[in-house]
Amino acid sequence: MKERFSTDEWNDLMILPFHLFTAVALADGKIQQAELKEFLERTTQGALGYRDPLHKEVARGIIDGDAGELLKAATGATGWDPKQVKSMMKEKLTSDEYQGFIGSMFIDLLNIAKASINGKWFRKKGIGKEEQERLAAIGLFWDLDLGRMEAFKK
């Protein structure tokens, strides 16, 4: 699928998982080690195992690329614009391809959020209120169709 995108567009797609990861992981104010570990493991395993072909190809690109530069770009340091990326994806992908890619990444985000430690006194793993709100905002922004997600679970 990479051939459908210009070099700049492909780079934008490789930044997207980092952008979404930081959005969820920073919802509670800090990136936790368990969240980072979950993101890296899912990306590494996903390069071979994602059902969605575009997510698999993007994961392979991330593994073969410079993760530090991608993370820097995801934080907005390079002018990366999610609205522009969303528009480009909707133009280049069919509706099913778009939903498959976004749905596959959203499943990763749910697992990253589950890996976080929450609570002040009784610390436990799980999705905190801030992360739930951030996940909802991500789903809304990226026009995620929850009804289509079942087909794209890893």
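Which residues line the second largest cavity? Let's work up to that and a few helix crossings. You're looking at a predicted model, where local features need pLDDT of at least 70, side-chain atom pairs count only at pLDDT 80 or more, and totals for chains, interfaces and linings use all residues. Residues are numbered from 1 along each chain as its sequence is written, and side-chain values use heavy atoms, with hydrogens and water left out.

**Exercise 1. Describe the second largest cavity.**

Step 1: get the term straight. A cavity is a set of points, on a 1 Å grid over the protein atoms alone, where a 1.4 Å probe fits but cannot get out; lining residues have an atom within 4 Å of a point. Grid points are joined across faces, edges and corners, and a volume is the space filled by probe spheres set on the points.

Step 2: list the lining. Leu20, Ile102, Met105, Phe106, Leu109, Ile138 and Trp142 line the second largest cavity, whose volume is about 30 Å³.

Step 3: sort by class. Ala, Val, Leu, Ile, Met, Phe, Trp, Tyr, Cys and Pro count as nonpolar, Asp, Glu, Lys and Arg as charged, and the others, Gly among them, as polar. This lining splits into 7 nonpolar, no polar and no charged residues.

Step 4: find the main supplier. Helix H6 (95-115) provides the largest share of this lining, 4 residues. Helices here are DSSP runs (H or I, at least four residues), numbered from the N terminus.

**Exercise 2. Do the same for the largest cavity.**

Step 1: the volume is about 90 Å³, and the count of cavities of 30 Å³ or more comes to 2.

Step 2: among the lining residues are Pro17, Leu20, Phe39, Tyr50, His55, Met105 and Asp108. By class, the whole lining has 9 nonpolar, 2 polar and 1 charged.

Step 3: H1, H2, H3 and H6 each supply at least two residues, and H6 gives the most, with 4.

**Exercise 3. Work out how H1 sits against H2.**

Step 1: the axes (lines fitted to C-alpha atoms, for helices over the stretch in contact, with angles from 0 to 180 degrees between N-to-C directions) of H1 and H2 come within 11 Å and cross at roughly 155°. So H1 is roughly antiparallel to H2. The cut-offs: under 35 degrees is roughly parallel, over 145 roughly antiparallel, 65 to 115 roughly perpendicular, and the rest oblique.

Step 2: this crossing is right-handed. A crossing gets that label if the near helix is turned clockwise from the far one by less than a right angle, and left-handed if anticlockwise.

Step 3: Pro17, Phe18, Phe21 and Ala25 in H1 meet Glu35, Leu36 and Phe39 in H2, with contact meaning heavy atoms within 4.5 Å. The tally is 6 nonpolar, no polar and 1 charged.

**Exercise 4. Classify H2 against H3.**

Step 1: their axes come within 7 Å and cross at roughly 125°. That makes H2 oblique to H3, and the crossing is left-handed.

Step 2: H2 residues including Thr43, Gly46 and Leu48 meet a set in H3 that includes Lys56, Ala59 and Ile63. The contact has 5 nonpolar, 4 polar and 2 charged residues.

**Exercise 5. Finish with H1 and H5.**

Step 1: helix H1 (residues 7-25) and helix H5 (residues 82-92) have axes that come within 10 Å and cross at roughly 120°. Therefore H1 is oblique to H5, and H1 passes H5 in a left-handed crossing.

Definitions and conventions: 1 Å grid on protein atoms, 1.4 Å probe; cavity = no way out; pocket = protein on both sides within 12 Å on 5 of 7 lines; lining within 4 Å.
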